[in-house]
Amino acid sequence: MSWRLWIPLLAFAGFLGLAAYQLTQPRDEVVESRMVGKALPYFDLEPATSGLPGAASDDFKDGKPRLLNIWASWCLPCIAEAPQLERLREEGATIVGVAIRDRPEDVAQFLERHGNPYAAIGSDDLSEVQLGIGSSGVPETFVITGTGKIAYQHIGDIRERDVPILLEKLREAAE
Amino acid sequence: MRSRLLPIVLALVAAGPLAAQQSLPPAPFANRQLDDAAQEAQAQDLMETLRCLTCQSQSIADSDAPMAGDMRHQVRIRIAAGETPEEIRSWLVERYGDYVSYRPEVGATTWPLFAVPVLILIAALAIFRRRFARQG
């Protein structure tokens, strides 16, 4: 018998090994936006609750970098990230919120309970801004330069360790 | 009677937070078909090949997730406005990458998937020919 007879079996064993290895690897659930580096798409949203202005893409073109926070009052990780947003605000960040599929009274209740770090919140009932900016969930936070360019995307709730990173990205966006 | 109702009531109470995401009605064209049957067919074909971004391996046509509804709304209003399905697909791919599309594309990373079966077939044919040539 020729040694070559074993080649198909070895190839199949190699394939099984590869498949088994891939099965043990954690699945990458994160869908990164391809809009990073591009201009913020046009939008003009109504205020999500009374007492705060709405959000429009033109607001981001006054030379000052901002954070764009995609969130919702029904989103649990958004509660976890509220203190970190507050810290970012204390450090001088301007945070514009976009509330996804939310009701004004729910937004107001959330802000009352967990604090209000937002300079403005727009109401996105059809997830139009979310789809336009390439975001696939809540919460997500984008760094927008003073000319309205998307500079950075943070996926998921902001943890303590993410605060300095976002502040650094804001500084970079100001240059 | 009461003992039978209690679990149901408890289940409904526990489902409250899950329902919160649905507290807004779905987008106008999330579940409403377009009046033009040809356009609706185009939209339906496209929706079946777009991935729901918040669910596990479902198309937006199959998913009840609010975001999938909002994506169906986008597909339908864009088709109604005269965009072609491929324009809408590239609009989404521009934002989410190839991940959002279920339609296989030949690209820099995917070409081996298409090339390898052809190569294996050619190799198999070559082996058979040699065998039969020897026997004949």
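Two residues are in contact if their C-beta atoms, placed from the backbone, lie within 7 Å. Before you start: this is a predicted model, where local features need pLDDT of at least 70 and side-chain atom pairs count only at pLDDT 80 or more, while totals for chains, interfaces and linings use all residues. Residues are numbered from 1 along each chain as its sequence is written, and chains are lettered from A and ligands numbered from 1 in the order in which they are written.

**Exercise 1. Work out how many residues each chain brings to the contact, and which helix of chain B gives the most to it.**

Step 1: Count by chain. Chain B puts in 18 residues and chain A puts in 14.

Step 2: Look for the elements. Helices (H or I, at least four residues) and strands (E, at least two) are DSSP runs, numbered from the N terminus. On the side of chain B that touches chain A, H4 and H5 of chain B each supply at least two residues. H4(B) gives the most, with 6 residues.

Step 3: Sort by type. Ala, Val, Leu, Ile, Met, Phe, Trp, Tyr, Cys and Pro count as nonpolar, Asp, Glu, Lys and Arg as charged, and the others, Gly among them, as polar. That side of chain B then splits into 9 nonpolar, 6 polar and 3 charged residues.

**Exercise 2. Check the length of helix H5 of chain B and find what its buried residues pack against.**

Step 1: The expected span is 1.5 Å times one less than the number of residues. H5(B) has 12 residues (85-96), so it should span 16 Å, and its end C-alpha atoms are indeed 16 Å apart.

Step 2: Call a residue buried if 20 or more other C-beta atoms lie within 10 Å of its own, exposed if 12 or fewer, and partly exposed in between, with C-beta atoms placed from the backbone. In H5(B), the buried ones are B:Ile88, B:Leu92, B:Arg95 and B:Tyr96.

Step 3: Look down the axis. The buried residues of H5(B) fall within an arc of 80° (taken from the directions from the helix axis to the C-beta atoms), so they line one face of the helix. Turned away from that buried side are the exposed B:Glu86, B:Glu87 and B:Ser90.

Step 4: Find the partners. The buried residues of H5(B) pack against helix H4 (128-133) of chain A, plus helix H3 (37-47) and helix H4 (66-80) of chain B.

Step 5: Step past the end. Just after H5(B), B:Gly97 has a positive phi of about 80°.
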